[in-house]
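I sat down with this one to see how its chains are built and where they meet. Here is my notebook, in the order I looked things up.

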Amino acid sequence: MDRRSYWQGIRGISILAVVMIHALGGFDYSTGYGTEFIILRQIINFSVATFVFMSGYFVPIEKMQAGHFDYIAWILNRGGGDCASHL
Amino acid sequence: MIWSLLYSGASLVSDIHHGVTVHWLEYAYRFVVGKSTTPLYYIVVLIQLTIITPWVVNISQRNKKISKLLWLITPFYLLYIYVWNFRAGVSPRLYETLFPAWFGFYYLGIKARCGLKLKCSGVGILIALVASCVEALALRTFGLSREFYTSQITIGSFLFSISVIGWLLKQSDTNTKKLKWLEKFGDCSYGIYYVHMAILTLAGKLVKCNNWYLYLGARFVLTAIGSLIIVLAGQRIIKSKSILRHIGFI
C-alpha cells in the first residue's frame with residue numbers, strides 16, 4: 001500500500017473519532033454511564049493529537065530549507081498543496 | 001474564517017430568535033477565535049502553528065540547544081493547565097485556542113520527518129490507555145470538572161496519543177491492508193470537520209433516547225454519514241475548485 005493511502009486512512013479514523021467525541025455530548029450523565037463515557041473518551045482522545053502530528057509530519061522541510069521558499073504562499077495555502085506532494 | 005462566520009451568524013440568529021441580549025463584541029470575539037463551535041479551535045491552533053513553522057524547522061535543524069528546549073513547551077503548558085484546574089476547578093478559557101497545548105505533537109511530526117524514530121507496540125498502547133483511564137477516574141474522584149478529566153489535554157491522553165502515533169509510524173512501514181472507505185473519510189476529513197457540528201445539531205433533534213449506547217450510536221452514525229454525504233454532494237454540485245478549496249471540501 002502506498003504512503004498516501006495509509007495516511008489518508010489514518011485521517012479517516014481520526015475524523016471519525018472527532019465526530020464520536022462530539023456525538024458524546026448532550027447526554028444527561030447524571031442518569032448513569034459516567035464510567036463508560038470516561039473510558040470511551042480516553043480511547044478516542046488520540047484524534048486531535050494525531051491530526052496535529054500529521055500536520056507536522058507532512059511539512060515540506062526540504063522545500064523550506066531550499067533558498068526559494070515562499071512564506072506568504074505557505075501561509076495562504078495552509079501548507080496543503082506543498083504537504084500533499086510529499087505524501 | 002468562512003465557517004467561523006457561518007457558525008457565528010447561526011448562533012447570532014438563534015440568540016435573537018430566543019430573545020437573548022446580543023453583545024456584538026462577544027460575537028466578534030467568537031468569530032475571530034473560532035469559538036462559535038467547538039471544533040474551530042483546532043483550525044485557529046493550526047493557523048498559529050503554520051505561521052511559526054518555518055522558524056521551528058530552521059531552529060530544529062540548526063540550533064541543538066533551542067531545539068531541545070522546544071520539547072518543553074507542551075509539558076510546561078500542561079503543568080499550567082493542571083495548576084489552573086486544581087486551583088480554579090475549571091479549565092482556563094483560552095486553553096483550547098493557544099498552540100502550546102498541541103505544539104509538542106506538531107514538533108514530534110517535524111522531528112519524525114527528520115529521522116526521529118518513534119515506535120510503540122500494541123501492548124504499549126494498552127498500558128498507556130489503562131494509565132489514561134486511571135488518571136481520568138482519579139481526577140474525577142478529586143472533584144475536578146468533567147471537561148478537564150475527559151479532555152484530550154491531560155498527561156494520560158497525551159501519553160496514549162504518543163503511543164498511538166508510535167504504533168502508526170511502526171505500521172506505516174509494513175501495513176498492506178487497504179480500506180477504501182476509510183480513505184474516503186480521510187479525503188473528505190477537512191470538509192467533515194467543518195460541517196459535522198451542524199449535522200450533529202440536526203441529529204440531536206432526531207435522536208431522543210435514555211440508553212447511552214443507542215443514543216451515541218445513532219448520533220455518531222447519522223452525523224458521520226450525513227457529513228460525508230454533504231461533502232461529497234458539495235464536490236459534485238460546486239464545480240469551482242477555488243470555492244471548494246476555500247470551504248475545505250477538497
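These entries go from chain A to the contact, and then into chain B.

**Entry 1: confidence in chain A.** I am working with a predicted model, so I checked pLDDT before anything else. The mean for chain A is 83, and 87% of its residues reach 70 or more. Where is confidence lowest in chain A, and where is it highest? I found the low end in helix α6 (residues 80-84) of chain A, with a mean of 45, and the high end in α3(A), at 94. I also noted that pLDDT stays under 50 over residues 79-87 of chain A. For that stretch the model has 16 contacts beyond four places in sequence.

**Entry 2: the make-up of chain A.** I counted six helices and zero strands in chain A. Read along the sequence, the pattern is α-α-α-α-α-α. Of its 87 residues, 43% count as buried. I then turned to contacts in chain A between residues at least 6 apart in sequence, and 68% of these join residues at least 24 apart.

**Entry 3: where the chains touch.** How many residues does each chain give to the contact? I get 65 from chain B and 48 from chain A. On the chain B side, α3, α6, α7 (122-141), α9, α10 (180-187), α11 (189-206) and α12 (212-237) each supply at least two residues. By class, I sorted that side of chain B into 36 nonpolar, 21 polar and eight charged residues.

**Entry 4: α3 of chain B.** This helix runs over residues 40-62 and has 23 residues. From first C-alpha to last I get 33 Å, close to the 33 Å expected at 1.5 Å a residue. Where does α3(B) kink? I placed a kink of about 50 degrees at B:I52, shortly before the proline B:P54. The buried residues of α3(B) include B:L49, B:T50 and B:T53, with B:L40, B:Y42, B:V45, B:V56 and B:V57 also on that list. I looked for what covers them, and found elements of both chains: the cover includes α3 (47-57), α4 (61-65) and α5 (71-76) of chain A, together with α1 (2-17) and α6 (100-113) of chain B.

**Entry 5: α6 of chain B.** I went next to α6(B), one of the helices in that cover. α6(B) has 14 residues and reaches 20 Å from its first C-alpha to its last, close to the 20 Å expected at 1.5 Å a residue. How many of its residues are buried? Ten of the 14 are, so I call this helix mostly covered. Among them are the aromatics B:W102, B:F103, B:F105, B:Y106 and B:Y107, and the glycines B:G104 and B:G109. The buried residues of α6(B) pack against α3 and α4 of chain A, together with α3, α5 (73-88) and α9 of chain B. Just after α6(B), I noted that B:G115 takes a positive phi of about 115 degrees.

**Entry 6: B:F158.** I picked this residue from helix α9 (residues 155-174) of chain B. Why does B:F158 count as buried? It has 23 C-beta neighbours inside 10 Å, and the cut-off is 20 or more. I also checked B:P75, 83 residues from B:F158 along the chain, and their C-alpha atoms are separated by 9.8 Å.

**Entry 7: domains of chain B.** The domain assignment gives domain 1 (117-177) and domain 2 (178-250). Taken over C-alpha atoms, I have their centres separated by 26 Å.

Notes. Residues numbered from 1 in each chain as written. Chains lettered and ligands numbered in written order. Predicted model: local features only at pLDDT ≥ 70, side-chain atom pairs only at ≥ 80, totals over all residues. Helix = DSSP H or I, 4+ residues; strand = E, 2+ residues; numbered from the N terminus. Expected span 1.5 Å × (residues − 1). Bend = angle between axes of the 7 residues up to and from the residue. Buried ≥ 20, exposed ≤ 12 C-beta atoms within 10 Å, placed from the backbone. Contact = placed C-beta atoms within 7 Å. Nonpolar A, V, L, I, M, F, W, Y, C, P; charged D, E, K, R; others polar. pLDDT = per-residue confidence, 0-100. Domains from an automatic or database assignment.
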